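The exercises below are meant to be worked with the sequence and the model side by side. Each task is followed by a solution that goes step by step.

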Amino acid sequence: MKAMIIREFGGPEKFELAEMPKPVPGPGQVLMKLKATSVNPVDYKIRMNPSNWAKVPVPAILGYDAAGAVEAIGDRVTHLKPGDEVFYCARIFGRQGTYAEYHVEDAEIVAKKPANLTFEEAASLPLAAMTAYDSIVTFFQTKPGDTVLVHAGAGGVGAFAVQLARASGARVLSTGRKENEALIKSLGADEVIDYRSVKFEDEVNRLTGGRGADAAFDTVGGDTLVRSINCVRPFGKLATIVSVAGSINGMQIRNQTLYFGFMERTETKIQALFILASRGLVKPLIDSVFPLEKIADAHRKIEAGGMKGKIVIRV
Ligand SMILES: NC(=O)c1ccc[n+]([C@@H]2O[C@H](COP(=O)([O-])OP(=O)(O)OC[C@H]3O[C@@H](n4cnc5c(N)ncnc54)[C@H](OP(=O)(O)O)[C@@H]3O)[C@@H](O)[C@H]2O)c1
């Protein structure tokens, strides 16, 4: 099969088109012919780090999101059959990824593709939307009447977090660039805070009458989490999926709870995403589409930042 591989870790120029063995599904696994994948920051974080912390077999096929059709099933697979159109987020650590014509995955984390989505739209969802789901639904248990601060509402994860918080009935405050204000509001944000022209914590406190948000979701990193402590109410919740700089001691004085998220692929979560996407409660937000052969350009684009949603790769 054709795949975009790297033989060593480094810049986007390390990608090359190669012929790789077509994988074979073992018991409990399915073989997919892929139609689309997407690019996530974790892909370039693995690509550029020679420590190979994700333990990808080298030559490595990167990529986690996937949408395609089932080509073959292994023993004990009961909920899928050849021809089914599916989407999923591949398991990380020690495995080959989805920048390829074919991919094998554990059937339990592969779900039917929502019928209302194209393959490209479906491939834009799994990793980012399930990460947002962990924080907005599982950690925060967001409910009507809550006020949730989502950082980077036009980002891959942030765009889904805004939609999930909105669908949960919350008032949604989101940081983002001024030029993305209309876009982030169209996803469900009540207020968009231009993080480049104001101190977001002051603005959140102003918008909540000094009370603070009930919860804040950090998808940015650096000092974003620590600065969010003072605009989340006492006994409120914070979650981060990125590295945190600075001291979180202030949380103790305010009796706040902090969740560190590392998205785990589960059957329950991909099935929840199937339902949410099928009902239109979570919609794709696609910045751009690249052919698989141009994966290096897609990596350059996501690393440069300033995107509106996800970069999708057509296989
Ligand atoms: N722990 C996990 O399981 C997990 C899972 C998924 C992702 N992540 C991590 O989460 C991070 C975000 O992922 P992603 O897919 O959403 O990335 P992304 O699509 O590249 O989005 C990042 C967003 O951050 C915005 N941004 C940059 N600086 C900002 C600031 N100071 N304040 C507010 N927004 C700012 C950027 O917007 P502008 O440039 O337009 O301003 C961009 O939209 C990445 O580091 C990723 O590796 C972790």
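Domain bounds, as used in the first exercise, come from an automatic or database domain assignment. The model is a predicted one.

**Exercise 1.** Determine where the ligand lies with respect to domain 1 and domain 2, and describe the shell around the ligand.

Solution. Begin with the residues around the ligand, of which there are 28, and note that P41, A152, G155, G156 and I241 come nearest. Next, ask which elements give two or more residues to this shell; they are α1, α3 and α4, the last of these spanning 156–167. Sorting the shell by class then gives 14 nonpolar, 12 polar and 2 charged residues. Finally, compare the shell with the domain bounds: domain 1 (2–125 + 284–314) and domain 2 (128–260) both give residues to it, so the ligand lies between the two domains.

**Exercise 2.** Describe how helix α3 and helix α9 are arranged relative to each other, and which residues meet.

Solution. Locate α3 at residues 126–139 and α9 at residues 267–278, whose axes come within 10 Å and cross at roughly 100°. Angles of 65 to 115 degrees count as roughly perpendicular, and α3 and α9 are therefore roughly perpendicular to each other. Then inspect the contact itself, where P126, A129, M130 and Y133 of α3 meet K269, I270, A272 and L273 of α9. Classifying the residues of this contact gives 7 nonpolar, no polar and 1 charged.

**Exercise 3.** Find the place of F93 and of F235, and decide whether each is buried or exposed.

Solution. As background, most residues other than glycine have a negative phi. Phi of F93, by contrast, is positive, near 75°, and F93 is placed in the loop between β5 (85–89) and β6 (102–106). A residue counts as exposed if 12 or fewer other C-beta atoms lie within 10 Å of its own; F93 has 8 such neighbours and is therefore exposed. Turning to F235, its phi is also positive, at about 70°, but the place of F235 is in strand β12, residues 232–240. With 10 other C-beta atoms within 10 Å, F235 is exposed.

**Exercise 4.** What kind of peptide bond joins V58 and P59, and where is P59 placed?

Solution. Recall that most peptide bonds are trans. For the bond that joins V58 and P59, omega is about 5°, and the bond is cis. Then place P59 along the chain, where it is found in the loop between α1 (41–48) and β4 (65–73).

Definitions and conventions
Residues numbered from 1 in each chain as written. Predicted model: local features only at pLDDT ≥ 70, side-chain atom pairs only at ≥ 80, totals over all residues. Helix = DSSP H or I, 4+ residues; strand = E, 2+ residues; numbered from the N terminus. Buried ≥ 20, exposed ≤ 12 C-beta atoms within 10 Å, placed from the backbone. Axes fitted to C-alpha atoms, helices over the stretch in contact; angles between N-to-C directions. Parallel < 35°, antiparallel > 145°, perpendicular 65-115°, else oblique. Contact = placed C-beta atoms within 7 Å. Nonpolar A, V, L, I, M, F, W, Y, C, P; charged D, E, K, R; others polar. Near = placed C-beta within 6 Å.
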